[in-house]
Amino acid sequence: KKEAIGKSHAKIILIGEHSVVYGHPAIAFPIDSIPMTVTISTITNGIRINSEFYKGSLKEAPVNLLGIKRLIEAVCKKLATGPVNIQINFTSEIPSERGMGSSAAVSIALIKSLYNYFEAPLTKQEMFELSTIEETITHGNPSGIDTATVSSEAPVWFIHKQAPGPIKMNLDGYLIIADSGIRGQTDVAVNSVRQMVNQDQNARAAIGNLGQLTTETKATLEKNDLNHLGTLLNHAQQQLDYLGINIPRTEHLIQVANRSGSLGSKLTGSGLGGCIIALADNHASALKIANALENAGAVNTWIETL
Ligand code: MEV
């Protein structure tokens, strides 16, 4: 009886969400303390899924698993020589639809586990191409930043249609991530920003500003200037707010973080719910901000060292 495993992890975007869709750069961090694991074992009766959301045959999987279904079918068509009889188990600590890359993480861990199972070599290019099958069905027309970051061990400098580059990090600080508990759908948020960009010159300017702020952030990460980084995050938040994806719940959490000593706070990911991030220069301050956010209704918080 064969067993195979594939792993990935959560991600957060530090700066550049949405503007990345328009060709500007973005910076994202892997969050490897929040893992996603897929294991595969041989069974006798076709392909079966075992996840928190669905247990049963792949054939009868509900429509929200269509992206995963098409991805599994594509890989099996490529690699299997006969009928496939496997159970695919998903174990995830990544909350879904909160801007933490859960769907990209599923698709990367799944591809890795299937390639392991079929004992086939997997190139990075093949992995990203295959993940597009799932991400396009789930998210519309994603930039690819999520798949690049959930499969990376290091911070990512990302530009659409280019190979992800490294980021030099030379600062000591803490990022607090807080989950608003509200699901935000990436395709809905991306489409609503696109409508604004098509109609409103100031929205186009906001996208350009986000690009500029991202480039400045890259330079700031190389120096040890947390205060300036905080200012850049606050400015990015103003642009995202203008673009209409900051809902009252995330605005409230951002204000609480700022009142509790955050050096800069913004939403992260596609918005319309999801998570916020806040910046602190020491661990005691990070704990204080995380506590305040939980008291203000965040359903979960995480503290990451920069
Ligand atoms: C989603 O994590 C990030 C967005 O910029 C969409 C994308 O890049 O595809 C909102």
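Author: A residue counts as near the ligand if one of its heavy atoms lies within 4 Å of it. This is a predicted model, in which local features need pLDDT of at least 70 and side-chain atom pairs count only at pLDDT 80 or more, while totals for chains, interfaces and linings use all residues. Residues are numbered from 1 along each chain as its sequence is written, and side-chain values use heavy atoms, with hydrogens and water left out.

Reader: Which residues are around the ligand?

Author: The shell reaches from Lys 11 in the sequence to Ser 270. Listed in full, the residues around the ligand are Lys 11, Ile 13, Glu 17, His 18, Val 20, Val 21, Pro 142, Ser 143, Ile 145, Asp 146, Val 190 and Ser 270.

Reader: What distance separates an oxygen atom of the ligand from a polar side-chain atom of Asp 146?

Author: Polar contacts here are pairs of N or O atoms within 3.5 Å. A backbone N or O atom of His 18 lies 2.9 Å from a ligand oxygen, and an N or O atom in the side chain of Ser 143 is 2.6 Å from a ligand oxygen. For the polar side-chain atom of Asp 146, the distance to an oxygen atom of the ligand is 2.9 Å.

Reader: How much of the ligand's exposed area does the protein bury?

Author: Accessible area is computed by the Shrake-Rupley method with a 1.4 Å probe. Taken alone, the ligand exposes 300 Å², and the share of this that the protein buries is 97%.

Reader: Which elements give two or more residues to the shell around the ligand?

Author: Elements are DSSP runs, numbered from the N terminus: helices (H or I, at least four residues) and strands (E, at least two). Those that contribute two or more residues to the shell are β1 (3–15) and α4 (145–150).

Definitions and conventions. A polar contact is a pair of N or O atoms within 3.5 Å; within protein, one must be able to donate a hydrogen and the other to accept it, and residues adjacent in sequence count only if both atoms are side-chain atoms.
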